[in-house]
Amino acid sequence: MTRMPTAAAAPTAAPTSTSTGTDPLTRAQGTALLDGWTRLWNGDLPLAEELIAPDFRLRFANTAPGTGPDATLDRPDLTAFIGAHRQERLGLTYAVDGPPVVDGARAEVAARWTATYTDGSGDPVTKSGIDLLAIADGRIAAVWSLTGDRRFAP
């Protein structure tokens, strides 16, 4: 049985400023972490152990299917959620849309993304969104995610 997140997850302090230690996050490090985040959502679930901080939190800006309002996901919830999310969407593929914004001093990475899949009636579906990743000690410590129901206009 898949463990699903609950809206009553224990609140944790959201990192407002994180670092990778003594050095600022580089563009290459931020881009590599974003690439790993995308691979994780494309089904490379074992990657979570090395990519995601133990005290990780994902916060959705809107209600995600399978979650309640104000839901947060910790690392175990995240991999269960991604696995269930992928099973419900045939051929689900995420791709980063354009170059990410990397703020080395704040250790944050922001990017637009696009998801495509086929729905139950065989129709193609495209969604897009924006994720903001906070990095701590070389891992993704928190993500704020907003998903829209269509592709961003070019």
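Does R106 count as buried, partly exposed or exposed, and at what relative accessibility? In this predicted model, R106 has a relative accessibility of 37% and therefore counts as partly exposed. Its salt-bridge partner is E108, and the closest N and O atoms of the two residues lie 3.1 Å apart. E108, by contrast, has a relative accessibility of 11% and so counts as buried, which means that this pair joins a buried residue to a partly exposed one.

Side chains of opposite charge can pair when their charged atoms come close. A search of the whole structure finds 6 salt bridges, among them the pair just described and two others that are taken up here in turn.

One of these is formed by D97 and R112, whose closest N and O atoms are 3.6 Å apart. This pair links distant parts of the chain, since D97 sits in the loop between β3 (90–96) and β4 (101–103), whereas R112 belongs to strand β5 (residues 108–118), 15 residues apart. D97 counts as partly exposed because its relative accessibility is 24%, and R112, at 39%, is likewise partly exposed.

The other joins K127 to D149, with 3.3 Å between the closest N and O atoms. Here too distant parts of the chain are linked: K127 lies in strand β6 (residues 124–136) and D149 in the segment after β7 (139–148), 22 residues apart. K127 has a relative accessibility of 24% and so counts as partly exposed, while D149 is exposed, because its relative accessible area is 67% and the cut-off for that class is over 50%.

Notes
Residues numbered from 1 in each chain as written. Predicted model: local features only at pLDDT ≥ 70, side-chain atom pairs only at ≥ 80, totals over all residues. Heavy atoms only, no water. Salt bridge = Lys/Arg side-chain N within 4 Å of Asp/Glu carboxyl O. Helix = DSSP H or I, 4+ residues; strand = E, 2+ residues; numbered from the N terminus. Buried < 20%, exposed > 50% of the residue type's maximum accessible area, 1.4 Å probe, protein only.
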